Amino acid sequence: MKYLCSNCKMFKYDEERGDEKTSLPPGTKIENIPNSWRCPVCGVNKYYLQPLDNQTKEETEIKDLTYYRDIARKLLTGFCGVYPVCDGDPDHICTGQKYGAPIGLGGAGQAKTFEANYQALQKYRLMMRVIKAHHEPEMSIKIFEKDLKIPVMGAALSGVKSSLKDAVPEVFFYEGLLKGARNAGTIGMVGNTPTSPEDLGVKTVGENQGWGIPFFKPQSQPRLLELFEQAEKLDVLATGVDLGGAGSTFWVTPEKQVFRKSEMELQELVDCTEKPVIFKGIMNTEDAATVLDSGASACYVSNHGGRVLDCGQGVAEVLPEISKEISGKIPVLADGTVRTGFDVLKILALGADVALIGRPLARMAIAGGEKAVQMYFDYVKDDLRRAMILTGCDTLQEISENILIK
Ligand SMILES: Cc1cc2nc3c(=O)[nH]c(=O)nc-3n(C[C@H](O)[C@H](O)[C@H](O)COP(=O)(O)O)c2cc1C
């Protein structure tokens, strides 16, 4: 089988011949090329090698991130422009007041919180530091007794019908998110949505061999307890409640309303299950302290990608204070316009243990399912590795605010 590097489009790899320059002996199959291998022309990793010599157009087409982004752009016409940077820019087609129309991939109101996430994170720059003995960065992390290859997970996503133009069946979307993450050595999450069967997300997570986390909207306490009971019986790594979903007021049917949750209700949820519980939507230190007191296993700093409360703060503005409050006690998860491995490094430096990615994975899952999702994780991983080398961080523990300049 022959392959072409889809980045430089110059390097060709023939499995039969191997590659002398990069020490691949003849007969080295693509799956046996080590992850540390780099294209001798442009330096990208092996995932950019795409099949060349199959006869069908389908197979000869180079399927890289640009390819999948182009597909997503077509599938999401009118909803998402798949712009070079997904940052809540007021000129993007996803933003601006919707006057009751579906939110799509944008933000609530005028998408000022979505934009604030980006602005707050980009305010920070990374300090380059290259004089230090070289070590391969150690990026793996243990969470809920699971070893992950990277400190990055897929954020909870759902709502193909309502937010993603009904582009693919909801189950294809969930499977893409979950299997793509698992193939990349990490965890995917799925949410629940009023526009598809309520247990579809949790059931699909349960079929992913323990590599996934279902997130539920903060529905009535009796209903949430039922959903937790269902999750308990399935092979899920943890169970989450997206407390910011109290603002998902499109949940309007009588049986599917959403509510704020009290401290006692949080405790009841933690106590009703053996699974680790994550509370998401934490944007201030008081709420973070309450999450800690509830006995939850992780605190997830997020404003739901700016999709529930407009005119709010960016995650990077509140993350340092929150993580000072709870860091080392329970893991801190955080999301909000994390797009690259460089963004991951910044979020970790601001105090998170794990960075999560939302919209880019939604586009990948729609356009190419698990393969595209895995490719996005690999792209992020590659840049995180580079960023750690160039900021003098050999381990995740060495990442701190010292590598940031404001
Ligand atoms: C289309 C879409 C659907 C989402 N569905 C859910 C959901 O069902 N449950 C949930 O907790 N969060 C949901 N989120 C929020 C994400 O989990 C995440 O917090 C947010 O997208 C992070 O910001 P980013 O997209 O800028 O990376 C959704 C986000 C998008 C864009």
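Helices here are DSSP runs (H or I) of at least four residues and strands are E runs of at least two, both numbered from the N terminus. That is the naming behind the β12 to α10 loop, where Cys311 sits. Everything in these views comes from a predicted model.

**View 1. Two positive-phi residues share the loop between β12 and α10.** The loop runs between β12 (298-301) and α10 (315-326), and His304 is one of its residues. Cys311 is in the loop between β12 and α10 as well. Most residues other than glycine have a negative phi. His304 goes the other way, with a positive phi of about 65° even though it is not a glycine. Cys311, also a residue other than glycine, has a positive phi near 65°. Buried or exposed: how does His304 count? His304 is buried because 27 C-beta neighbours fall inside 10 Å, and 20 is enough for that label. Cys311 has 11 such neighbours inside 10 Å, so Cys311 counts as exposed; the cut-off for that class is 12 or fewer.

**View 2. The ligand sits in a shell of 26 residues.** Ala155, Gly191, Asp242, Gly305 and Gly358 are the closest of them. What is the shell made of, in nonpolar, polar and charged residues? It splits into 12 polar, 9 nonpolar and 5 charged residues.

**View 3. Helix α12 takes a sharp turn, bending by about 140° at Gly368.** The helix covers residues 359-390. If its 32 residues made a straight helix, it would span 46 Å at 1.5 Å a residue, but the end C-alpha atoms of α12 are only 27 Å apart. Most of α12 is covered, too, with 24 of its 32 residues buried. After the helix comes Gly392, where phi is positive, near 75°.

**View 4. The largest nonpolar core has 109 residues.** Which residues have the most contacts inside this core? They are Phe279, Cys299, Val301 and Ala352. Helix α12 supplies the largest share, 16 residues. The core also takes at least three residues from each of domain 1 (1-61) and domain 2 (141-405).

**View 5. The domain assignment gives two domains, domain 1 (1-61) and domain 2 (141-405).** How far apart are the C-alpha centres of domain 1 and domain 2? They lie 34 Å from each other.

**View 6. Leu350 sits in the loop between α11 (341-349) and β14 (354-357).** Leu350 has 27 C-beta neighbours inside 10 Å, so it counts as buried. Leu396 is 46 residues away along the chain, with 12 Å between the two C-alpha atoms.

**View 7. Asp287 belongs to helix α9 (residues 285-293).** Why does Asp287 count as partly exposed? Because Asp287 has 19 C-beta neighbours inside 10 Å, and the buried class begins at 20. Pair Asp287 with Gly159, and the C-alpha atoms are 27 Å apart, for a chain separation of 128 residues.

**View 8. Glu198 is in the loop between β8 (188-190) and α6 (200-206).** Glu198 is partly exposed because 19 other C-beta atoms lie within 10 Å. From Glu198 to Glu175 the C-alpha to C-alpha distance is 16 Å, and 23 residues separate the two in sequence.

**View 9. Phe172 is part of helix α5 (residues 170-183).** Phe172 has 15 C-beta neighbours inside 10 Å, so it too counts as partly exposed. Where Phe172 and Thr204 are compared, C-alpha to C-alpha, they are 9.8 Å apart in space and 32 residues apart in sequence.

Terms used:
Residues are numbered from 1 along each chain as its sequence is written. This is a predicted model: local features need pLDDT of at least 70, side-chain atom pairs count only at pLDDT 80 or more; totals for chains, interfaces and linings use all residues. A residue is near a molecule or strand if its C-beta atom, placed from the backbone, lies within 6 Å of it. Ala, Val, Leu, Ile, Met, Phe, Trp, Tyr, Cys and Pro count as nonpolar, Asp, Glu, Lys and Arg as charged, and the others, Gly among them, as polar. Domain bounds come from an automatic or database domain assignment. The expected span of a helix is 1.5 Å times one less than its number of residues. The bend at a residue is the angle between axes fitted to the seven residues ending there and the seven starting there. A nonpolar core is a set of buried Ala, Val, Leu, Ile, Met, Phe, Trp, Tyr and Cys residues joined through C-beta atoms within 7 Å.
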